[in-house]
Amino acid sequence: MVVMNRLNLLVSGVAVLLLMAAGAYSSLGYAGNDQIASHYMTKGEWSDTVCGGCHFDVYENVNDSYHVQVDMNRWSPLTNFDLETSGEEEWVKEFGKYHPGGGPLAKYGIGIDCMMCHEQYGLYDSEARAEKIEEGDYEDANSAAMVNSSFAARTNPIQFFVYNANLLTPYPLLIVFHDNVNGAPQESSCAEKCHITDVEPRAVSWGDEESYAESDVHAAKGVECTECHHTEGFIITSDHQIGRGNTSDSPDLPESHYDGTMRSCDDAECHAGISHGPFADSHMEFLACEACHIPKLPGGDLPGGKPLESFSWQNGEREDVYREADFQPALAWYNGTFGDVLPSVDTRNDTDVMLTPFNNITGTWWDAGTDPEVLANPNTSISTGDPIPVQYVKAADANGDGEVTVEEMQAYDADGDGEADYPNAVLRTVELYYQVVHSIVSSDIGLADPYTCKDCHGNEAVIDWAALGYEQDPGGESSAVKSIAVTYDRPKPVEVETEPAF
């Protein structure tokens with residue numbers, strides 16, 4: 001009887017195992033196991049039942065982030081996109097490829113694409129996603145980007161084993177192998193999929209791992225983006241409100257301040273305790289570290305584009321002039337920008353200003369002249385004013401010679417009611433300041449050595465003191481030859497060990 005009971009138990013156990021195996025293998029197809037597809041999110045779709053059990057509230061957390069809740073109506077002189085005349089769907093088609101989904105894209109069927117940042121095989125196809133969005137095939141956009149990566153994950157024997165082992169033992173090997181598919185964001189995800197658009201205004205080389213490592217000391221040392229743009233980390237989830245500074249072209253609004261969410265150079269986790277000696281250290285009250293550590297920016301063809309020197313929308317299409325050679329960024333006073341204004345800087349007498357490096361770009365576009373400040377000072381006002389949509393600018397070319405004049409723009413009658421629509425139209429040409437914070441150099445990495453005293457003061461100075469509000473070099477007329485030596489009041493912080501990034 002005992003033998004029969006044991007035999008029955010054995011048979012039952014084998015039957016259970018066979019049943020489980022049959023259930024696991026029944027969904028196997030050319031692309032692997034659909035259960036794996038759900039668990040490792042290889043279809044590019046979030047599942048509350050599968051993902052939400054561990055990553056509780058993460059989807060809502062991401063959806064509330066400033067990356068997702070972008071203001072579609074915010075105007076930029078670089079894109080000159082008018083939401084009212086072009087429509088939301090055109091915005092989605094043009095800029096949705098750089099957006100992680102959700103937020104304003106949700107109503108078009110584009111959900112948050114977690115794998116846009118978290119895919120680990122390096123097979124995420126951002127171009128396929130962009131093509132779907134441009135075609136208006138929104139619901140298939142995220143999955144199109146994951147075709148190759150999905151196949152790799154779902155047919156990987158290790159992932160199959162780990163997932164099915166997890167059916168028997170709660171939480172065993174999954175935590176070890178999870179990051180092989182759904183790990184932390186990689187630098188290439190940030191740079192190549194979204195922020196590649198920063199090449200034009202900021203002259204960054206991060207579109208290519210090798211060239212960026214040659215121009216930026218942090219990249220050469222393997223520092224990851226999130227080590228500076230840090231998040232509040234937890235074991236399973238994290239705060240997706242990525243750390244940021246208040247850059248000149250992304251000003252903080254009163255209801256959404258993110259100042260202080262990004263690590264500074266002298267943060268406890270970075271270069272706390274660093275010193276250049278008492279004389280140089282006294283400059284730190286008004287001189288940003290980047291001012292000396294970004295002495296040059298790369299020009300010419302960079303991975304992802306060319307850095308801009310100027311652009312013009314005068315004739316209804318953007319006409320560009322690029323920086324073909326390496327160039328020195330402009331130094332200007334800056335304490336952050338707030339509200340809906342153009343990329344601009346401050347003056348020497350403003351509160352809490354620091355000398356900060358910028359790529360100074362000259363921009364030209366038409367404005368309706370309805371803002372009294374813009375009408376009075378079109379080229380110096382930092383107000384965004386009332387830009388004229390480019391389709392109206394093109395239509396204003398009455399004689400069809402491809403050049404729009406003030407007379408043509410002020411006489412343009414779009415609705416044919418016999419009255420000019422833009423009688424006060426002005427052509428603005430504004431100096432725009434795009435802050436640069438990458439391409440940080442050291443004494444042996446970068447396009448040039450960091451500035452020393454003689455680079456800023458004396459006969460060899462490269463600083464435009466008049467532009468900074470000084471009558472003359474505040475350091476005096478004689479040549480400054482002092483060198484800056486780096487010292488530490490306490491031992492140098494321990495270097496963070498990371499995998500090579502760029």
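Residues are classed by relative accessible area as buried (under 20%), exposed (over 50%) or partly exposed (in between), with a 1.4 Å probe and protein chains only. The structure is a predicted model, in which local features need pLDDT of at least 70 and side-chain atom pairs count only at pLDDT 80 or more, whereas totals for chains, interfaces and linings use all residues. Residues are numbered from 1 along each chain as its sequence is written, and side-chain values use heavy atoms, with hydrogens and water left out.

Helices (H or I, at least four residues) and strands (E, at least two) are DSSP runs numbered from the N terminus. Two strands are taken to pair if DSSP finds at least two bridges between them. Strand 5 (354-367) pairs with strand 6 (426-435) in the antiparallel sense over ten bridges. Within strand 6, Tyr433 stands opposite Asn360. Strand 4 (residues 330-334) also pairs with strand 5 in the antiparallel sense, over five bridges, and Ala332 has Thr356 of strand 5 as its bridge partner. The pairing of strand 2 with strand 5, by contrast, is parallel and comprises three bridges; here Phe311 is matched with Gly363 of strand 5.

Strand 2 (residues 308-312) is further joined to strand 3 (residues 319-322) by four bridges, and these two strands run antiparallel. Phe311 has Asp320 as its bridge partner in strand 3. The hairpin of strand 2 and strand 3 has six residues between the strands, and among them Gly316 takes a positive phi near 95°. Burial was also assessed for two of the strands. Twelve of the 14 residues of strand 5 are buried, so strand 5 is largely enclosed by the rest of the structure. Strand 4 is likewise largely enclosed, because four of its five residues are buried.

Most residues other than glycine have a negative phi. Asp352 departs from this pattern, with a positive phi near 55°. Asp352 is placed in the loop between strand 4 and strand 5 and counts as exposed, because its relative accessibility is 65%. Asp57 is also not a glycine and has a positive phi of about 65°. The loop between helix 2 (34-39) and helix 3 (58-63) contains Asp57, which counts as partly exposed at 43% relative accessibility.

Aromatic contacts were examined next. Rings of Phe, Tyr and Trp (its six-membered ring) pair if their centres lie within 6.5 Å, and the pairs are stacked when the planes are under 30 degrees apart, edge-to-face when over 60, and tilted otherwise. Eleven aromatic pairs are found in a search of the whole structure. One of them, formed by Tyr392 and Tyr422, is tilted, with 6.4 Å centre to centre and 40° between the planes. This pair links distant parts of the chain, 30 residues apart: Tyr392 belongs to helix 21 (residues 390-395), and Tyr422 to the loop between helix 22 (406-411) and strand 6. Tyr392 counts as partly exposed because its relative accessibility is 27%, whereas Tyr422, at 13%, counts as buried. Trp465 and Tyr470 form an edge-to-face pair, 5.4 Å centre to centre with 90° between the planes, and both residues are buried. Phe81, Trp91 and Phe95 are linked by ring pairs into a cluster.

A charge is taken to sit over a ring if NZ of Lys or CZ of Arg is within 6 Å of the ring centre and within 35 degrees of the ring normal. The charged end of Arg323 sits over the ring of Phe327, 4.3 Å from its centre. Similarly, the charged end of Arg244 sits over the ring of Tyr66, 5.6 Å from the ring centre. The C-alpha atom of Tyr66 is separated by 8.3 Å from that of Ile242, although the two residues are 176 residues apart along the chain. Ile242 is placed in the loop between helix 17 (225-228) and strand 1 (274-275) and, at 24% relative accessibility, counts as partly exposed.

Internal space was examined on a 1 Å grid over the protein atoms alone, a cavity being a set of points where a 1.4 Å probe fits but cannot get out, with lining residues having an atom within 4 Å of a point. The structure holds one cavity of 30 Å³ or more, and the largest cavity contains about 40 Å³ of space. Its lining includes Asn80, Trp313, Trp365 and Trp366. Strand 5 and helix 21 are the elements that give two or more residues to this lining.

Methods. On a 1 Å grid over the protein atoms alone, a cavity is a set of points where a 1.4 Å probe fits but cannot get out, and a pocket is an open set with protein on both sides within 12 Å along at least five of seven lines; lining residues have an atom within 4 Å of a point. Grid points are joined across faces, edges and corners, and a volume is the space filled by probe spheres set on the points.
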